[in-house]
Amino acid sequence: MPNYTFEVNGQSVTVDAPANLALLWVLRDKLGITGPKYGCGINVCKACTCHVNGVAVTTCSTKVSSVAGKKVITIEGLAQGEQLHPVQQAWLDRDVPQCGYCQPGQIMAAVDLLNRTRNPTDADIDAIENVCRCGTYGRIREAIKAAAALMP
Ligand code: FES
Ligand code: FES
């Protein structure tokens, strides 16, 4: 099998994998990074959301071959040491999660939104397509607005 080298949370990794293996399975099964979650596998639920070169992607629908030479950030790489990312802090402050399963993806999507716009409207927030079976959408909206005020 071919080797692919890329960066994950600031560390260079090389994996031996079929070209079309989903990044989600490389992260979870080969690298032991389990923040990104499997929900649907077909780019619908967004539970697997991570960043590639600073942009949110669904890793279930991203081939490992397509991230060679790129920078991948998962929920595990968001904090700077002990310093939580403002979105993580806002999530804690607002007690957003219920079961928690969708939350890594929700947070990565929220960070992507705030990187693109520091003053998101309700419509901007509602355009996030990540599914939450527990229905935490109201608190997600509040937390994104709170995080916007905390962003550097
Ligand atoms: S697992 Fe549902 S979009 Fe990736
Ligand atoms: S917190 Fe349970 S699915 Fe979102």
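In this predicted model, helix 2 and helix 5 are a good place to begin: their axes come within 8 Å and cross at roughly 135°. An angle of that kind falls short of the antiparallel class, which starts over 145 degrees, and helix 2 and helix 5 are therefore oblique to each other. The handedness of this crossing is right-handed. If you would like to pick out the contact on screen, helix 2 brings Pro-86, Val-87, Ala-90 and Trp-91, while helix 5 brings Ile-140, Ala-143, Ile-144, Ala-146, Ala-147 and Leu-150. Sorted by class, the contact of helix 2 with helix 5 has 10 nonpolar residues, with no polar and no charged ones.

Now let us bring in helix 3. Helix 2 packs against helix 3 with the axes 9 Å apart and at an angle of about 125°. That angle makes helix 2 oblique to helix 3, and helix 2 passes helix 3 in a right-handed crossing. From helix 2, the residues Val-87, Gln-88 and Trp-91 take part, and they meet Gln-103, Gln-106, Ile-107, Ala-110, Val-111 and Leu-114 in helix 3. The residues of the contact of helix 2 with helix 3 divide into 6 nonpolar and 3 polar, with no charged residue.

The remaining pair is helix 3 with helix 5. Helix 3 covers residues 103-116 and helix 5 covers residues 137-150; their axes come within 11 Å and cross at roughly 45°. This is over the 35 degree limit for a roughly parallel pair, so helix 3 and helix 5 are oblique to each other. Helix 3 passes helix 5 in a right-handed crossing. On the helix 3 side, look for Gln-106, Ala-110, Leu-113 and Leu-114, which meet Ile-140, Ile-144, Ala-147 and Ala-148 in helix 5. The division here is 7 nonpolar, 1 polar and no charged residues for the contact of helix 3 with helix 5.

With the pairs in place, we can look at the helices one at a time. Which residues of helix 2 are buried? They are Pro-86, Val-87, Gln-88, Ala-90 and Trp-91, and the buried residues of helix 2 pack against helix 3 and helix 5. Just beyond, helix 2 is followed by Asp-95, which has a positive phi, near 50°.

Helix 5 has its own buried set, made up of Ile-140, Ala-143, Ile-144, Ala-146, Ala-147 and Ala-148. The partners of these buried residues are helix 2 (86-93), helix 3 and helix 4 (122-126). There is also a simple length check for helix 5: at 1.5 Å a residue, its 14 residues should span 20 Å, and this agrees with the end C-alpha atoms, which are 20 Å apart.

Next, follow the chain back to the strands. Ile-73 sits in strand 5 (residues 71-73). Is Ile-73 buried or partly exposed? With 26% relative accessibility, Ile-73 counts as partly exposed. Leaving aside neighbours within four places in sequence, Ile-73 is in contact with Asn-9, Cys-50, His-51, Leu-78 and Met-108. To link this strand with the helix where we started, note that Ile-73 and Pro-86 are 13 residues apart in sequence and 16 Å apart in space, C-alpha to C-alpha.

Thr-58 belongs to strand 4 (residues 55-58). Its relative accessibility is 11%, so Thr-58 counts as buried. Beyond its neighbours within four places in sequence, Thr-58 is in contact with Asn-43, Lys-46, Cys-48 and Thr-49.

One of those contacts, Asn-43, leads to a point of backbone geometry. Most residues other than glycine have a negative phi. Asn-43, however, has a phi near 65°, a positive value in a residue other than glycine. You will find Asn-43 in the loop between helix 1 (23-30) and strand 3 (49-52), and at 36% relative accessibility it counts as partly exposed. Asn-53 is another case, with a positive phi of about 50° although it is not a glycine. The place of Asn-53 is the loop between strand 3 and strand 4, and its 48% relative accessibility makes it partly exposed.

Key. Residues are numbered from 1 along each chain as its sequence is written. Chains are lettered from A and ligands numbered from 1 in the order in which they are written. This is a predicted model: local features need pLDDT of at least 70, side-chain atom pairs count only at pLDDT 80 or more; totals for chains, interfaces and linings use all residues. Side-chain values use heavy atoms; hydrogens and water are left out. Axes are lines fitted to C-alpha atoms, for helices over the stretch in contact, and angles run from 0 to 180 degrees between N-to-C directions. Helices (H or I, at least four residues) and strands (E, at least two) are DSSP runs, numbered from the N terminus. Angles under 35 degrees count as roughly parallel, over 145 as roughly antiparallel, 65 to 115 as roughly perpendicular and the rest as oblique. A crossing is left-handed if the near helix is turned anticlockwise from the far one by less than a right angle, and right-handed if clockwise. Contact means heavy atoms within 4.5 Å. Ala, Val, Leu, Ile, Met, Phe, Trp, Tyr, Cys and Pro count as nonpolar, Asp, Glu, Lys and Arg as charged, and the others, Gly among them, as polar. The expected span of a helix is 1.5 Å times one less than its number of residues. Buried means under 20% relative accessible area, exposed over 50%, partly exposed in between (1.4 Å probe, protein chains only).
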